[in-house]
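Below are my notes on the model you sent, as numbered points. Please read them with the coordinates open.

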Amino acid sequence: MIIGIIPARYASTRFPGKPLIDIQGKSMIQRVYEQASQAKCLSEVIVATDDERILNHVQSFGGKAVMTHPDHPSGTDRCWEAYCLGVRNQEVDVKSSDITSYSYIINIQGDEPFVAPEQIDELGAVLDGSVELASQMIPVSDHEVLFDVGEAKVIVNQDFEAIYFSRQVLPFLKGVDPKEWHQHHTYYRQVGMYAYRSDILEKITKLPVSSLEKAESLEQLRWIQNGYKIKMGLTSYESHCIDTPEDVEKVLRLMAQ
């Protein structure tokens with residue numbers, strides 16, 4: 001079985017209270033929850049929050065939510081605590097290792113109100129028991145996107161397991177105009193969500209920050225540097241995140257196209 005967990009923090013430097021903003025009559029977190037609940041691969045969906053306002057709001061529309069500690073360094077850590085709380089339905093020691101109700105956890109971004117249930121199912125389809133960690137990627141067909149340091153690029157091996165993630169463009173194409181690199185090599189950028197096998201999720205939350213993670217500011221490099229494998233699934237679905245108030249109208253325009 002697979003459980004979907006939606007981390008939703010109230011605090012945000014650029015957009016405080018973001019999960020509760022209204023988008024055409026519904027809060028963002030309600031839209032994410034309802035979209036995720038339509039995914040066929042998920043047996044359950046819960047919101048992991050650090051604020052009672054979000055908790056009460058989710059419960060008001062019939063959703064399930066749990067309160068987590070406010071000081072988690074990442075959504076991955078929040079997912080582990082929420083997994084422990086949600087499965088046992090009580091506060092527990094998050095270091096426990098005997099929680100086996102779900103084989104996988106999918107971390108669904110709380111700032112993508114129009115995430116496609118089909119995209120979640122695509123990710124769920126690669127979780128065959130042997131996969132430790134998984135994410136998704138999409139081919140890059142635009143020079144500006146390829147060289148955007150805000151986009152994490154990924155290179156994979158023949159088994160579609162991530163070799164490395166970088167904000168820079170890899171590989172370097174010798175003798176080719178950089179503006180034409182995407183026309184001579186298939187580049188991928190990471191999109192979508194993370195999936196964790198439950199036993200692996202517990203292990204990676206105990207790892208210290210790694211040198212590569214610190215260098216690139218990409219959490220997934222910690223896992224690779226410690227020997228874990230990340231399966232990358234191809235998807236055609238774009239990620240439409242809301243990071244600032246201005247992004248709301250931008251995302252609505254994109255979804256209307």
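1. Which strands each supply at least two residues of the lining of the largest cavity? They are strand E8 (153–156) and strand E9 (162–166). Please keep in mind throughout that this is a predicted model.

2. The cavity itself can be described briefly. Searching the whole structure gives one cavity of 30 Å³ or more, and the largest cavity holds about 30 Å³ of space. Its lining consists of Lys 153, Val 154, Ile 155, Tyr 164, Phe 165, Ser 166, Gln 168 and Leu 170. Sorted by class, that lining has five nonpolar residues, two polar and one charged. Rolling a probe the size of a water molecule over the atoms shows where empty space is left.

3. Leu 221 is worth a look alongside the cavity. This residue sits in helix H9 (residues 220–225). Is Leu 221 buried or exposed? Leu 221 is buried, because its relative accessible area is 1%, and the cut-off for buried is under 20%. Beyond its neighbours within four places in sequence, Leu 221 is in contact with Tyr 164, Phe 165, Ser 210, Leu 212, Glu 213 and Glu 216. Tyr 164 and Phe 165 also appear in the lining of the largest cavity. As for Val 126, which is 95 residues from Leu 221 along the chain, the two C-alpha atoms are separated by 21 Å.

4. Next, strand E6 (residues 104–107). Which residues of E6 are buried on each side? Tyr 104 and Ile 106 are buried on one side, and Ile 105 and Asn 107 are buried on the other, leaving both faces of the strand covered. In a regular strand the side chains alternate between the two faces of the sheet.

5. The pairing of E6 involves E1 and E10. E1 and E6 run parallel and are joined by four bridges, with Ile 3 opposite Ile 105. Strand E10 (residues 188–197) pairs with E6 in the antiparallel sense, also over four bridges. Here Ile 106 has Ala 195 as its bridge partner.

6. E10 also leads to strand E7 (residues 133–139). Six bridges pair E7 with E10 in the antiparallel sense, and Gln 136 is matched with Val 191. E7 pairs with strand E11 (residues 230–234) as well, in the parallel sense and over five bridges; Met 137 has Leu 234 as its partner there. E7 is mostly covered, with six of its seven residues buried.

7. Helix H1 (residues 28–37) is mostly covered too: seven of its 10 residues are buried. These are Met 28, Ile 29, Gln 30, Arg 31, Val 32, Tyr 33 and Ala 36. What do the buried residues of H1 pack against? Their partners are strands E1 (2–8), E2 (22–23), E3 (26–27) and E4 (44–49), together with helices H2 (52–60) and H4 (117–125).

8. The whole structure contains nine salt bridges. Side chains of opposite charge can pair when their charged atoms come close. One of the nine links Glu 34 and Lys 26, whose closest N and O atoms are 2.8 Å apart. Glu 34 is partly exposed, at 27% relative accessible area, and Lys 26 is likewise partly exposed, at 30%.

9. A second salt bridge is formed by Glu 44 and Lys 64, at 2.9 Å from N to O. Glu 44 belongs to strand E4 and Lys 64 to the loop between H2 and strand E5 (65–67), so the pair ties together parts that are 20 residues apart in sequence. Lys 64 counts as partly exposed, with 27% relative accessibility.

10. Asp 51 and Arg 53 form another salt bridge, their closest N and O atoms being 2.8 Å apart. Which partner is buried, and which is partly exposed? Asp 51 is buried, with a relative accessible area of 13%, whereas Arg 53 is partly exposed at 45%. Elsewhere, Glu 151, Arg 189 and Glu 238 are joined into one network by salt bridges that share partners.

Methods. Residues are numbered from 1 along each chain as its sequence is written. This is a predicted model: local features need pLDDT of at least 70, side-chain atom pairs count only at pLDDT 80 or more; totals for chains, interfaces and linings use all residues. Side-chain values use heavy atoms; hydrogens and water are left out. Buried means under 20% relative accessible area, exposed over 50%, partly exposed in between (1.4 Å probe, protein chains only). Contact means heavy atoms within 4.5 Å. On a 1 Å grid over the protein atoms alone, a cavity is a set of points where a 1.4 Å probe fits but cannot get out, and a pocket is an open set with protein on both sides within 12 Å along at least five of seven lines; lining residues have an atom within 4 Å of a point. Grid points are joined across faces, edges and corners, and a volume is the space filled by probe spheres set on the points. Ala, Val, Leu, Ile, Met, Phe, Trp, Tyr, Cys and Pro count as nonpolar, Asp, Glu, Lys and Arg as charged, and the others, Gly among them, as polar. Two strands pair if DSSP finds at least two bridges between them. A salt bridge is a side-chain nitrogen of Lys or Arg within 4 Å of a carboxyl oxygen of Asp or Glu.
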